[in-house]
Each structure stands twice: as C-alpha cells, then as structure tokens.
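Q: Please take a close look at the aromatic side chains in this model, and go through how their rings are arranged, where they lie and what surrounds them.

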Amino acid sequence: MMALSTISTPPKAPSSLKRLVKEHPLVVYFVMAFSISWILWIPLVASAHGLLAGGNAFSYFHLLGSLGPLLAALIVTGIVGGTVGLRELGVRMVKWRVGLIWWVIALFGSAALYGLSAMLLRLFSGLWPDISQFGQTDEYPQIGLILFWIANIALYGFGEETGWRGFALPRLQNTHSALVASLILSAFWALWHVPLFLSLPNMMNMGIGGTVGWVLFIVTGSILLTWVYNSTRGSILILAVFHGTLDITINSPSPGALATVMGVFFTVLGVLVLLVMGPASLSRSGKQTIGAREPSRGGKIDHMEATV
C-alpha cells in the first residue's frame with residue numbers, strides 16, 4: 001500500500017514593501033505621517049494664497065490633516081504587528097485607569113496655567129487681561145463650542161498623539177533616553193507643522209522671535225508629553241485629552257502677553273520635570289518601550305515594557 005506523502009509549501013516570502021516597513025518602521029512611519037498630512041493640507045495652503053476660492057471652508061482641512069500621524073501609525077502597526085499589534089495599540093488608546101492626578105492634569109492643567117498667567121499679569125500690570133473668550137475659536141466660528149472642544153481632543157489629540165507618542169516615542173526609547181527621544185520627536189513634530197506656517201494667519205505672522213518661541217514651546221511640550229506618557233504607563237487617552245485641552249487653551253483669542261506668560265510657565269515646567277525626574281526616563285515609572293523584536297503577524301507581541 002502506497003503512503004501518500006505530504007508536500008509542505010514554504011511560507012510565502014513578504015513583499016519587498018512589507019520587508020521595508022518591518023525593517024524600518026520608524027522611517028516609514030514618519031514619511032507616511034508627513035505625506036498624509038501635507039497632502040490633506042494642500043487645499044488649506046492653496047486657499048491661503050488665493051489659489052482656491054472657498055473662504056473658511058478650507059480651514060477644516062487643518063483638522064483632517066491632523067489625522068496623518070494616527071493613520072500612519074495604524075497602517076505601519078498593521079503591517080508590522082498585524083491584528084495583535086493593532087489590538088495592543090487600541091488598548092493604549094482607551095487606557096483610562098491611570099490615577100486621578102493624571103486626569104486632573106489632562107483636563108484642567110492647561111486651564112490652570114491660563115488662569116495663573118492671567119493673575120500674574122494682573123499682579124504686575126494692575127489690569128486683568130481679557131479672558132472672556134477662553135476656549136473660543138477664530139478658526140472654526142461656524143461650529144459650536146462643545147463640538148469644537150470634542151474635535152480638538154478627537155482630531156488634534158488622538159490624531160497626533162496616537163502617532164507621535166503612541167507609535168514613535170516607545171520605539172525611540174528603545175535605543176535612546178527619554179530626553180533624547182523627546183528631542184528627536186520634537187524635531188519631526190515641528191517640521192510636520194511647516195505647511196501651517198504657509199496657511200494659518202497666526203503662524204504666518206509670527207516673525208522670527210515668535211517662531212523661535214514656538215519651537216521652544218514644541219520642545220518643552222515634547223518633554224512634558226513624554227513625562228505624562230511614561231508616568232501613565234503608555235496611556236494615549238490621557239495624552240489625547242491633555243493635547244486637546246492644551247490646544248484649546250493656547251489658541252483661545254487672548255492678548256499676546258497672556259500667551260507669552262503661558263509659554264514661559266510651560267518652559268519652566270518642562271525644565272522642572274527634567275531636573276526632578278531625570279533625563280533617562282522623565283518619569284518615576286520608567287520609560288515605556290516597545291520591544292526591539294516587533295510582533296509578527298498573528299504572533300505574540302513583544303509589547304510595552306517599562307525600563308528604568
């Protein structure tokens with residue numbers, strides 16, 4: 001009786017594109033995040049320079065373009081980690097059990113800085129700055145206040161932080177200290193905004209001094225966001241809320257002096273975090289990393305780890 005032999009076919013080799021993504025996930029991520037956002041911002045830039053007619057309608061492309069880092073993170077994670085990687089990323093996007101203090105910081109920290117800055121101006125100038133438009137928007141006057149706040153957290157918050165801190169930061173922290181990882185990320189984060197300097201009035205009119213201050217704010221913000229991310233053991237949810245409320249606060253129509261004082265406070269906080277927590281992890285909880293061995297499709301993820 002003849003025995004039937006079983007011929008096993010070797011696993012299909014990944015395509016050259018998939019191999020590229022798996023070997024260089026960070027490079028592919030940054031290229032993809034920039035490409036998606038900048039393509040979506042083309043109508044915004046064209047409208048600002050009179051090449052497209054449509055008025056404020058094109059301002060909403062600013063919101064849409066902020067989804068670039070999120071979409072890039074989902075695409076690269078799906079290729080590198082499959083459903084396991086996407087599930088792990090999703091868990092961090094809804095991680096809410098982080099301790100009450102981090103919810104207080106995320107929800108009210110920026111508003112507290114705004115109020116403190118107003119009180120400081122009152123102390124030194126003798127006059128209260130106009131804070132009646134706190135939380136309002138000049139960019140999207142057609143949408144209501146609550147919808148504007150929700151859009152800030154959903155699109156600027158999750159849209160950016162899922163990518164910058166949710167995907168890129170833990171991979172950068174694999175081989176760098178938290179401080180160095182934050183500085184590297186701040187450079188990409190700042191460059192990503194370049195089209196907005198060609199389209200948004202408040203950024204187009206900054207001047208050299210204002211631009212330098214903005215870059216310092218980005219660097220400080222990157223350090224503070226790393227502190228929050230590592231301290232909450234990788235909660236993208238808390239980052240999204242913090243980022244959204246910060247954008248609402250700093251973009252509120254207000255006197256220039258108030259924004260300047262807030263920027264100074266923000267810089268001081270960043271320096272304090274660096275001095276107190278130390279550059280290695282910027283946190284008492286250690287730095288959050290994703291293992292150097294990326295998860296294979298359908299396999300077990302070498303997931304978030306805290307290293308001190």
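A: For what follows, a residue is called buried when its relative accessible area is under 20%, exposed when that area is over 50%, and partly exposed in between. The model is a predicted one, and a search through the whole of it finds 15 aromatic pairs. In one of them, F34 and W38, the ring centres are 5.4 Å apart and the planes stand at 55 degrees, so this pair is tilted, since only angles over 60 degrees count as edge-to-face and those under 30 as stacked. Both residues belong to helix α2 (residues 25-48), where they are 4 residues apart, about one turn of the helix. F34 counts as buried because its relative accessibility is 13%, whereas W38, at 34%, is partly exposed.

A second pair, F197 with W214, is edge-to-face, with 5.0 Å from centre to centre and 85 degrees between the planes. F197 lies in the loop between α7 (178-192) and α8 (201-204), and W214 in helix α9 (residues 207-231), so the pair ties together parts that are 17 residues apart in sequence. With a relative accessible area of 21%, F197 is partly exposed, while W214, at 15%, is buried.

Ring pairs also link Y29, F30, W41, W164, F167, F188 and W192 into a cluster. F167, from this cluster, has the charged end of R171 over its ring, 3.8 Å from the centre, and the charged end of R165 likewise sits over the ring of W189, 4.5 Å from its centre. Once its neighbours within four places in sequence are left aside, W164 is in contact with Y29, F30, F34, P69, L169, L185, W189 and W192.

Two of those contacts, W189 and W192, are among the buried residues of α7, which also include A178, L179, A181, S182, L185, S186 and A190. These buried residues cover an arc of only 160 degrees around the axis, which puts them on the same side of α7.

Y29, F30, W164 and L185 appear again, together with V76 and V228, as the residues with the most contacts inside the largest nonpolar core, a set of 61 residues. At least two residues of this core come from each of α2, α4 (68-93), α5 (100-125), α6 (145-175), α7, α9, α10 (236-250) and α11 (256-277). Another core lies apart from it and has 5 residues, including L63, Y140, Y156 and I248.

Definitions and conventions
Residues are numbered from 1 along each chain as its sequence is written. This is a predicted model: local features need pLDDT of at least 70, side-chain atom pairs count only at pLDDT 80 or more; totals for chains, interfaces and linings use all residues. Side-chain values use heavy atoms; hydrogens and water are left out. Rings of Phe, Tyr and Trp (its six-membered ring) pair if their centres lie within 6.5 Å; planes under 30 degrees apart count as stacked, over 60 as edge-to-face and the rest as tilted. Buried means under 20% relative accessible area, exposed over 50%, partly exposed in between (1.4 Å probe, protein chains only). A charge sits over a ring if NZ of Lys or CZ of Arg is within 6 Å of the ring centre and within 35 degrees of the ring normal. The arc is that of the directions from the helix axis to the C-beta atoms. A nonpolar core is a set of buried Ala, Val, Leu, Ile, Met, Phe, Trp, Tyr and Cys residues joined through side-chain atoms within 4.5 Å. Contact means heavy atoms within 4.5 Å.
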